[in-house]
Amino acid sequence: MAVKMSYSEAINDAIRQAMRKDENVILIGEDVAGGAEVDHLQDQGAWGGVFGVTKGIVEEFGRDRVIDTPIAESGYMGAAVSAAATGLRPISELMFNDFIGSCLDEVMNQAAKFHYMFGGKAKVPLTIRTIDGAGFNAAAQHSQSLYALFTHIPGLKVVVPTNPYDMKGLLLNAIFDDDPVIVFEDKTLYGMKGEVGEGFYTIPFGKAEIKRAGKDLTIVGIGKQVHTAMKAADQLAKKGFETEVIDPRTLSPLDEDTIINSVKKTGRLIIVDEAYPRCSAATDIAAIVGDKAFDYLDAPIKRVTAPHAPVPFSPPLEKLYMPTPQKIIDAFSVMVGDKVFSAV
Amino acid sequence: MQTETQASAKDMTVEKAKWIYTKMQEIRQFETAVHEIFAKGEIPGFVHLYAGEEAVAVGVCAHLTDKDSITSTHRGHGHCIAKGCDLNGMMAEIYGRATGLCKGKGGSMHIADVSKGMLGANGIVGAGLPLAIGAGLTAKVKKTNDVAVCFFGDGASNHGTFHEAVNMAAIWKLPVIFVCENNGFGEASTFDYAAAADRISDFAKVYKIAGKTVDGKDLPSVYEAAGKAVERARKGEGPTILECLTYRDFGHFEGDTQSYKNKEVQQKAVTEDDAILRFQNYMKKHKILSEEDIHDIDKQVKAAVEEAIRFSEESPFPDENEVTTDVYVSY
């Protein structure tokens, strides 16, 4: 049975499913409940996270398993790493991915390294949930999309869900995975509604989804840019071009086969990514395709990304900053040498 | 590992005293051997030796079981030995061999044995502090009676993780003992220069937890203070900062010229103030162990360390495929 719920509700549902299934699952982070030790709340949560995503979970599971932390990312992230290594399955919330500067060591040098550095004898079944994404006028320190930073690091798995159904299945897969996983929640998708499976289900990592099939162009959309890609594909269809749109779902592991097989069919690739353009998911995928499917390419690979600049605050500037369907179409028109598309 | 907590070191059983003295000797002889082998160029990488600080690791771990966790530092060999890690596996790890505790993939700075509650030596100063909180949190959530000990240096007390971790342990009353090995130096800078506080244990007052500074070269002092701290933690009475004033006999790393050390202080530390010598005298004075017992242990340990070296030298390097195994549990 499928039920309709939002991206945000899908996260809440996944966490509850996991916590009901396994008492070793805990939720830890800044104000994941909120209002700890406030008398008049009588142990009800105040916020349920800064966007209310985890609202109600403390009422079901209690403060022993839904743990509000001080604003001390190094401290609680390190605690979550070691709690994972000693028998719990923590879901640790890093409120905004931009705050990783305060706890990168715990993620990069501790969580990601234990299994390897200790010769396979330690496991860190940690899930980090974090908010990313521009388009919310949240400015340069609350709008970044830093998934490439983590994709770079061996030992971490990186998940970028783009709709409620995937979010629930991928988040549950993350929680019960024995490696450290970081799940990116795009803040502009929280209100997005969609069909979600009832009860417990998981979506495996490393399996991209072909959102629409096509033979003329492949577009890989990273995170919410898969939706921008779909809009561009609609417009291109009106001009008679069939676009294949791929949502990789996870950047580490990356489903290279689905991307390469698509490029072999279409001969053209655009990667759409709202993250910075250097050393990014877009450059990474471009390099892999250039390496493994060069002979099949009919045109240079194009990347439609943010410019190499921080995310601006002012709404018109932020709009200019982001990939758009038109920017994708412009890239395609260059690829096919047809200026007609600039006027689509 | 020993389990019971005793108020006074003088009442320590012969069995306990033998265990403690053996571990102290193991650390001293192991580190002395590594020092010599490293000088010959037979050990790769960075090595930081624990010799001189034996009373701290052993005096604390004497109160722990395999279910209790410890976090460690880049100077971690002593903690590993005190927590029961296998000498052969440790030495082979330092040699980078396949038979090492981490299959040769960690080396001196990352020796770990989770089955013994040793959560790893750690190459990042201050990293062990939050990790210890996590082990304490597991004990609290799972309602076990286990404790977590964080060994850290005076240098790490200036790191933000110290304050984040101590604060969190305090507000959550976690069963964690913060054992500061104050050896007077963070790398080549003195504690007096780098820390504004006079004593690390002074922070206990601010965070409203138990705190004490002891002579870390004196096994009985460490043993008694650690015993009380572990007991408090097991009873749910929360964390303790235990500052142990000690001294490292060797440099920050092997190859360090140690020009920042005062020669007289160094000389005193390795002679009249030596932790092992002082514990020998203590045991003889209180008639816990005899000269003969001590001699027997020294001999046994010498054989064990020689065996660890032989084992390591004869062990193969890891297979080539080990470069890419153990990155993930599944991928």
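Modeller: The expected span of a helix is 1.5 Å times one less than its number of residues. We shall apply this rule to a helix of a predicted model.

Colleague: How many residues does α6(B) have, and what does α6(B) reach from its first C-alpha to its last?

Modeller: α6(B) has 12 residues and reaches 17 Å between those two atoms, which is close to the expected 16 Å. B:K173 follows this helix, and the phi of B:K173 is positive, near 50°.

Colleague: Which residues of α6(B) are buried?

Modeller: A residue is buried if 20 or more other C-beta atoms lie within 10 Å of its own. In α6(B), B:T161, B:F162, B:E164, B:A165, B:V166, B:M168 and B:A169 are buried.

Colleague: What covers the buried residues of α6(B)?

Modeller: The cover includes α3 (73-85) of chain A, and from chain B it includes α5, β2 (148-153), β3 (176-182), α8 (203-206) and β7 (240-245).

Colleague: How should one read the contact of chain B with chain A, and how many residues does it take from each?

Modeller: The size of an interface is often given as the accessible area lost when the parts come together. Here one may count residues instead: the contact takes 35 from chain B and 38 from chain A. On the side of chain B, the elements that give two or more residues are α5 (128-141) and α6 (160-171). α5(B) gives the most, with eight residues. By class, this side has 19 nonpolar, 11 polar and five charged residues.

Colleague: What confidence scores does the model have?

Modeller: The model scores ipTM 0.93 and pTM 0.95. Chain B averages a pLDDT of 96, and 98% of the residues score at least 70. Over residues 1-5 of chain B, however, pLDDT stays under 50.

Conventions:
Residues numbered from 1 in each chain as written. Chains lettered and ligands numbered in written order. Predicted model: local features only at pLDDT ≥ 70, side-chain atom pairs only at ≥ 80, totals over all residues. Contact = placed C-beta atoms within 7 Å. Helix = DSSP H or I, 4+ residues; strand = E, 2+ residues; numbered from the N terminus. Nonpolar A, V, L, I, M, F, W, Y, C, P; charged D, E, K, R; others polar. Buried ≥ 20, exposed ≤ 12 C-beta atoms within 10 Å, placed from the backbone. pLDDT = per-residue confidence, 0-100.
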